[in-house]
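Let's take a walk through this structure together. Have the sequence and the 3D view open as you read.

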Amino acid sequence: MSGDAAAEQAAEYVPEKVKKAEKKLEENPYDLDAWSILIREAQNQPIDKARKTYERLVAQFPSSGRFWKLYIEAEVNILFYFSYIASDGNCSIHYSGKDKLGT
């Protein structure tokens, strides 16, 4: 097997626990234990692969601030990463000195 084929196979690997969680969600789309497994898996993946899981999650629980927060944090983390890379590793955060009240 070539290096490219091995990398592709590894990229397509789906852990057994994720397969079981997906099956549970087919039976009960509100199974929070199954969603927890998928969320943990998504948190360990690049956002381009995890995004589909987060979008399914917030579609299933649209009024859950907790789940929206997880999704937003995953997106923001990648933005900070690219911002850090673009600045040649010299990450800086700019603060205007004003709080929300304008003081």
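Ile47 sits in helix α4, residues 47-60; helices (H or I, at least four residues) are DSSP runs, numbered from the N terminus. This is a predicted model, where local features need pLDDT of at least 70, side-chain atom pairs count only at pLDDT 80 or more, and totals for chains, interfaces and linings use all residues. Residues are numbered from 1 along each chain as its sequence is written, and side-chain values use heavy atoms, leaving out hydrogens and water.

Is Ile47 buried or exposed? Ile47 is buried, with a relative accessible area of 12%, whereas Trp68 in helix α5 (residues 65-86) is partly exposed. Here buried means under 20% relative accessible area, exposed over 50%, and partly exposed in between, using a 1.4 Å probe and protein chains only.

| Residue | Helix | Relative accessible area |
|---|---|---|
| Ile47 | α4 (residues 47-60) | 12% |
| Trp68 | α5 (residues 65-86) | 36% |

Ile47 also has a partner to look up: its C-alpha atom is 9.3 Å from that of Tyr71, 24 residues apart along the chain.

Now for the whole chain. It has 5 helices and 0 strands, in the pattern α-α-α-α-α. Of its 103 residues, 21% are buried.

Finally, try helix α2 (residues 16-27) and helix α3 (residues 32-43): their axes come within 8 Å and cross at roughly 140°. That makes α2 oblique to α3, because angles under 35 degrees count as roughly parallel, over 145 as roughly antiparallel, 65 to 115 as roughly perpendicular and the rest as oblique. Axes are lines fitted to C-alpha atoms, for helices over the stretch in contact, and angles run from 0 to 180 degrees between N-to-C directions.

Note on methods
Helix = DSSP H or I, 4+ residues; strand = E, 2+ residues; numbered from the N terminus.
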